[in-house]
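Hi,

Here is the model I promised to pass on. Have a look at it first, then read my notes underneath.

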Amino acid sequence: MNSIQSEPIGEGMLIRLAGEVDLSWSADVRRAILDALRQHRAVGVELSAVEYIDSSGIAALVEGFQNARTSGSRFVLVAVSDAVRAVLELARLDRVFPIVADRSALETAQS
Amino acid sequence: MSAGPLASPPPPVAGSARDDARTLAFLADLSQALAVSIDLDRTLSAAVRRIAGFMHSQAASLFLLDANRGMLECRVCVGPVEMTGLRIALGEGIVGRAVVEDECQIVTDAATDPRVWRGGDEQSGFVTRSLLCVPLRTASGPIGALEIINRDDGGVFDADDAEALRLLAAPTALAINNARMAADLVAQQRLRREFELARRMQESLLPAAGGAGFPVTGINLPAFEISGDFYDHFTLPDGRIAFVVGDVSGKGLDAALLMVRAASLLRWAGKDGLAPDVWLARANEELCATSRDGRFVCALVGYCDREARRVHLAGAGFPPVLVDRDGHFEEFLSGGPPLGILVDARFEARDIALDGATLYAYSDGASDVRDAAGRPIGVAGLREFVRRHAALAPEPRLAAILAELRHLKLVDDTTFLVIETPRAGAPEMLFDARIPAEAGCLCDLRAGLRRALDEFGVAADLRDKLVLAVDEACTNIIRHAYGAQSSGTIHLRLCHDAGVLAFELSDDAPPIDPDKVRPKPLGECRAGGLGVAFIDSVMDDWHIEAQPGGRGNRLILHKRLAPRSVT
């Protein structure tokens, strides 16, 4: 039940992750994020269905964030689950990423 | 004519009678000036000058009593002879007599009056003819005297003058007394603040309890607000546990400040894991170099292993340690002089095998406690208390012993340190699983571990962090220990022992260099290196050791459970 789903929202792209993000597929997550950033000026990663994330998953998010900053694109985390938030806090990155409550915030942010 | 004061007042001289209304007006003026005074010394000086003028006298002076020394000191002086700072003994001269007798003194012929001290005249050439001196009265007795010398008109002082001066002395005495009480109050408040600060500073120096599974437990009970005693324990990088107990000579704030210094000095000197006698020598040298007021510090320092099988210690003027082997007591004295006295003092290290016994180190305040008859309870009394509560765990045991001591009369700060093998049942195996070292197997391992932690009752937020840390450790084993070239298994075992969770991860990968495994700082927005940082912040300690036989590594992670982490 680990899954990556991409869904266009306006000019941007929403990547919806589900399951437990760990070493076994965090490389796929990373690729999906970087691909989306190559084609869109705004990318959101929806994390409400993520029950677990390890440092390799966090690293994929960090790379997306840095990539967006370099290219002047927008990169946000959407609907962060408690499990993910706990790990972000442990990494002291909870204030680094722009986090929005739900996808509607991503839509309004673009307009 | 040298009868007692006022006993035979001289006949009134024309012009000496003062207009009552003028006197009252001046008195009101003076009282107000004194009452609103901020700088008492300056106000007093002006007041005495005005009194001299009002009384038509050639000179005036104000003496204050130094009760501790039994002396009177001239604090203000107006007139041709400077007497400020002059000290006379209580009872001596007119001023001394006025204070001792708490009575007005009138001298109408200074040349012949035996009460008069003539030192001032002999040195200055000033001729004292007539004197009038009144005590400065307060509710708690005279605090000094006000004296005037020679009437301007050449006449002698009379009873009216005495009455006027007595009136003027009243607000003067009141102002001085108020100023003193205000100063005392400020000093008391400052002292209280300083004591509170010192107490808090001292408390912050005491180490946090080591928790279950830790062999050293300490307790400190100050006899007064602040303590001259201290204790400390800390873990050295090689795993040994270092401990310190100290007792600073003297009491009060300066002893407390020396205690603060001695405590930090002993901790500093013990960081390098020197032999206990060398540790003491180092601290002694430093204390000798910087303390000159004759104060000294009695101390006991040493090390034990985590299981408290052996204790290696050295003492400096410290009472012998008590070892309790199932109710049989032994004493071990490590004789050395207290710290801070002899620069090149030598100390004696002792090695004590505990093997299940309990070691008590105590400051002499513990054996100095007085029984109902006022006699020190001594070591025999202490043994009795120790025996009585031996069945309790260290922390409640110390609290119970201290409660017994407090019940008697505590005369000095009291500190106890207990060293014994942490009590625990056999380690409890909570989880045991072996998985192929592949990323795809981590999910199942996490699920199993999560279940085991849940069954043990670990709170959910801690459980998730522990699972994350173990997962990160596995990820590192897969990526770095095995790498792309080799493959094998990961064996995870989780044990619980005396409140400590021990996670052990064994692999059969090529040996890795533990020094290369370093966390990156958290909060840094950088991919990579995060996993070790997670392990670091979740676990209390961890280390990697090579498995015997040259193949395989063992990673051991410890998490101490706070009592509330287990539900």
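Below is what I found, going from the cores to the sheet, one loop residue and the chain contact.

Quick housekeeping: this is a predicted model, so local features need pLDDT of at least 70 and side-chain atom pairs count only at pLDDT 80 or more, while totals for chains, interfaces and linings use all residues. Residues are numbered from 1 along each chain as its sequence is written, and chains are lettered from A and ligands numbered from 1 in the order in which they are written.

Cores first. The largest nonpolar core (buried Ala, Val, Leu, Ile, Met, Phe, Trp, Tyr and Cys residues joined through C-beta atoms within 7 Å) has 71 residues, and B:A469 and B:I477 have the most contacts inside it. Buried here means 20 or more other C-beta atoms within 10 Å of the residue's own, with C-beta atoms placed from the backbone. Helix α11 of chain B (460–482) supplies the largest share of this core, 11 residues. (Helices are DSSP runs of H or I, at least four residues, and strands are runs of E, at least two, numbered from the N terminus.) A second, separate core of 66 residues includes B:L258, B:Y303, B:L359 and B:A366.

Now the sheet. Chain B has an open, antiparallel sheet of 5 strands in the order β8-β9-β10-β11-β14; strands pair if DSSP finds at least two bridges between them. β8 (229–235) and β14 (349–353) of chain B each have a single partner strand, so one side of each has no neighbour in the sheet. Between β11 (310–316) and β14 of chain B there are 5 bridges, and B:A314 has B:A349 as its bridge partner in β14(B).

B:S227 caught my eye, in the loop between β7 (216–221) and β8 of chain B. It counts as buried because it has 28 C-beta neighbours inside 10 Å. Beyond four places in sequence, the contacts of B:S227 (C-beta atoms within 7 Å, placed from the backbone) include B:Q202, B:A256 and B:D413. B:T414 is 187 residues away from B:S227 along the chain, yet their C-alpha atoms are separated by 8.6 Å.

Finally, the two chains: 22 residues of chain A and 23 residues of chain B make up the contact. On the chain A side, α2 (55–71) and α3 (82–90) are the elements giving two or more residues, and α2(A) gives the most, with 8 residues.

Cheers

Conventions: Buried ≥ 20, exposed ≤ 12 C-beta atoms within 10 Å, placed from the backbone.
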